[in-house]
Structure formats: C-alpha cells, structure tokens
Amino acid sequence: SSGINAEYGGVNSLGDKSTETYHRAYSEVWGTDKNGNEVAVCWIAGVVHAKDNEVELELDASWITQAGAQAPFTLKNVILQEIDTQVPVSQASSIVTQSDEVDEFVSKLLAHGVVAKEGPITNVMREGHPPENFKKAEAGSGALLLVHGFCSEFNPWEKFAKEDFTNAYFFNNPSASLSNDAFARKVGDWADSLGLSAFSIIAHSQGGLVGLHMKNYYWSGLDQVSGSGVQLQSLGSPYWGNTGNGVALDLGKIFGIGCGANTDLTVDGAHLWMSGISMYSRSFVNYYTTSYPKKFLNYCNMVTNWVLTNLNDGIAEERYSSLEGANNQGNKDSWCHSTDMKYPPQTA
C-alpha cells in the first residue's frame, strides 16, 4: 500500500488560516473484491482542519480501480492526532460505508478514461491535485532556501558559508523551539512573503525534518522544482530523534540556557512523526552527517557525549540520523554539529 497527501491545507494557501488548529489524520482504505473478500486499497494521511466536526482527506480513484475494489469500503485504524505532539484526539478501529455512490463515480471515471484498471503509480495518485490557488512557477525561477535548526541563535549557513550560495535566501527565527509542523508553516509563510514560487531547501539539524515535513504534507515551492534539481538536502538532521532531547535540553532550560525539550526531536516523538512520512517523500532527501574521528575517548561535546549514543556530532547521533528511503551522501569525521565543540562546525 502507499500513502497520498490531503489536498487541503497547502502552505501556499494558509493566509488568515494560520491561527486555526490543525491535526494529522490517517486511515487505511479497504474495499471488497468481486467475490466479496476484503482487499487493501491504500492508506491516506494528511494535515487537516476540522470543520463542523468533520475532516476531509483526498483519495485518488485510481487506487480503487487498480486494487480491483468496490463497495462496501472500510476505513481501518482511523486516527486523528494533535499535530505538534502526535497525541490522539479521536480514533476508530473501523468505519464501514455501504454507499454505492463511490462505485457509480468510479465507473464513470473508467468510462471516460480518467482512471485505468492498470498502470503505474503516478505523482497525482500519491500527492493529489494542487489547490486552485497554487501558483505555477515560471521556468528558471527556482531559489535556494537555507534553513537553520532547533534553537539556533543564527543561521549557520549565512554566518559561515554565505558566499558559497547563489540565489540564496536565509531563514532566521532565532532561539525558537517549534514543532516540525509549526516550523514548516513559518518557512512556508516566509517563502510566500518573498514571492518565491519555486525553491529547493538546504537545511541544518531540525531544518531537515522541517523540509521533509513540508514535502510530505504541504504544497509548496518544493513541488515546483523542475528537471534534475535536488529538492531537499540536509546536514546533521536527527530524523529519528535525539537521546539528549528531553534530558540534556530540559536541564539546560532549568539553568537558563537552551530552549527546553521538543517533542518532535525526542526519540519517541520523532518515531511517531516519522510514521506519517511516506517513502515517496523520503526519496527526495539527500542527507549528510558528520562526527568526531573514531578513536578512544573522543567526542565533539564532552557533556552531551555522556547522554548521546556513539557515534555522534555532539547533537545528532548516527543511529538516529539514517533515513531509510532517502539518499545517504555519507559521513565525514572531524566536523561537529555547531560552534564551541572540539572540531569545526559542520556548516562552516
């Protein structure tokens, strides 16, 4: 089975909706074959906004025809989660619909050649159709967004490597602790304010998770990158969380430094977040990692090294930075996560 994104809630169409409460919705879709047996169709997920106690997810009819499914359809393992903490607010083991309207609708689509019983899985099947107000980018209009990570006091790309990039825009939201979703919305709103209709992202630390979250859940300038351009590149991104988050960072907050824990960056929180990220979205990521050289009693940061698992860059651990389905560009030693560590910062 495979997932598709909900059409509702594109970053480029937030407008005055940015203060609304959003949730992550997920469901498996099952149908019935001609013999009356259950048949898996696909799974669907997306960031949604509840209206009149209802939420909407988009399902491309091609999933139904290619699975050879018909009514009745059943939604299984339905869950609605708080987007920033992944805490369930509503769930159901199954919801059965006996309506024949879906069968009639799909039959009309087949008759007009809109969908087929066989064929490749397309981007439209995975992502849905872009919203009506989605701006079509002009050829050659692509920009490069340089995004920092969690609790960063400055954008390290801008501070250490500004002259290395062309057509670059540096995102800055200093000393902030945001969920991946809230962070992604800020980046999307910022890009919109600059009038950027097409862009790629190079991100540091949590910024890598933010770019992946944007690609997975929202329509944005990432979807306008044409040709062989790389959409997402990340460096030192703890995709599966950080052992120290919730421990070392909480202690830092108590003593007046740092930004405290971040649910999406804890190991448990990151695994819950990653459960909604499709392999298709991951395939657009090129990720890089660094660490201290492998030798006895070595480290990047002596304090965090007591908490983190080996091997690490002082913040991101190798075991939690690997992203299945993405493109691993390798690890380079003698570089650490940020400044004031034993080796130079990886963004320098």
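Me: Why is C42 called buried?
Reply: Its relative accessible area is 3%. Buried means under 20%, exposed over 50%, and partly exposed in between (1.4 Å probe, protein chains only). C42 stands at 3%, so it counts as buried.

Me: What kind of model is this, and what pLDDT do local features need?
Reply: The model is predicted: local features need pLDDT of at least 70, side-chain atom pairs count only at pLDDT 80 or more, and totals for chains, interfaces and linings use all residues. Residues are numbered from 1 along each chain as its sequence is written, and side-chain values use heavy atoms, with hydrogens and water left out.

Me: How much of the chain counts as buried?
Reply: Of its 348 residues, 50% do.

Me: How many helices and strands does the chain have?
Reply: There are 11 helices and 11 strands. Both are DSSP runs, numbered from the N terminus: H or I over at least four residues for a helix, E over at least two for a strand.

Me: How do you know that the buried residues of α8 line one face?
Reply: Start with the list. In α8 (residues 267-274) the buried residues are G269, A270, W273 and M274. Viewed down the axis of α8, they fall within an arc of 130°, so they line one face of the helix. The arc is taken from the directions that lead from the helix axis to the C-beta atoms.

Me: Which helices do the buried residues of α8 pack against?
Reply: They pack against α5 (180-193), α6 (206-217) and α9 (279-282).

Me: Why is α5 called roughly perpendicular to α6?
Reply: Their axes come within 9 Å and cross at roughly 75°. The 65 to 115 degree range counts as roughly perpendicular, under 35 as roughly parallel, over 145 as roughly antiparallel, and the rest as oblique. The crossing angle makes α5 roughly perpendicular to α6.

Me: What makes up the contact of α5 with α6, by class?
Reply: It has 6 nonpolar, 4 polar and 1 charged residues. The α5 side holds N180, D181, F183, A184, V187 and G188. The α6 side holds Q206, L209, V210, H213 and M214. Contact means heavy atoms within 4.5 Å.

Me: What makes A184 in α5 count as buried?
Reply: Its relative accessibility is 0%, so A184 counts as buried. A184 touches V210, H213 and M214, not counting residues up to four places away in sequence. The C-alpha atoms of A184 and Y217 are separated by 9.7 Å, while the two residues are 33 apart along the chain.

Me: How do you know that C300 and C336 form a disulfide?
Reply: Their S to S distance is 2.0 Å. A disulfide is a pair of cysteine sulfur atoms within 2.5 Å. The structure holds 1 disulfide, and this pair forms a disulfide.

Me: Which hand does the disulfide of C300 and C336 have?
Reply: The torsion about the S-S bond is about -85°, so the disulfide is left-handed.

Me: What does the pair C300 and C336 tie together?
Reply: C300 lies in the loop between β10 (285-291) and α10 (302-305), and C336 in the segment after β11 (327-333), so the pair ties together parts 36 residues apart in sequence. Both C300 and C336 are buried.

Me: What is notable about phi of Q86?
Reply: Phi is near 65°, a positive value in a residue other than glycine. Q86 sits in the loop between β4 and β5 (88-97). Its relative accessible area is 4%, so Q86 is buried.

Me: What is phi of S205?
Reply: It is about 55°, positive although S205 is not a glycine. S205 belongs to the loop between β8 (199-204) and α6. At 8% relative accessibility, S205 counts as buried.

Me: Which residue is joined to A71 by a cis peptide bond?
Reply: P72 is, with omega about 5°. P72 lies in strand β4 (residues 70-82). The peptide bond from N310 to L311 is cis too, with omega near 5°. L311 falls in the loop between α10 and α11 (318-321).

Me: Why is A161 called buried?
Reply: Its relative accessible area is 6%, so A161 is buried. A161 belongs to helix α4 (residues 156-161).

Me: How far apart are A161 and A348, in sequence and in space?
Reply: They are 187 residues apart in sequence and 6.0 Å apart in space, C-alpha to C-alpha. Leaving aside neighbours within four places in sequence, A161 is in contact with P156 and T347.

Terms used:
Axes are lines fitted to C-alpha atoms, for helices over the stretch in contact, and angles run from 0 to 180 degrees between N-to-C directions. Ala, Val, Leu, Ile, Met, Phe, Trp, Tyr, Cys and Pro count as nonpolar, Asp, Glu, Lys and Arg as charged, and the others, Gly among them, as polar.
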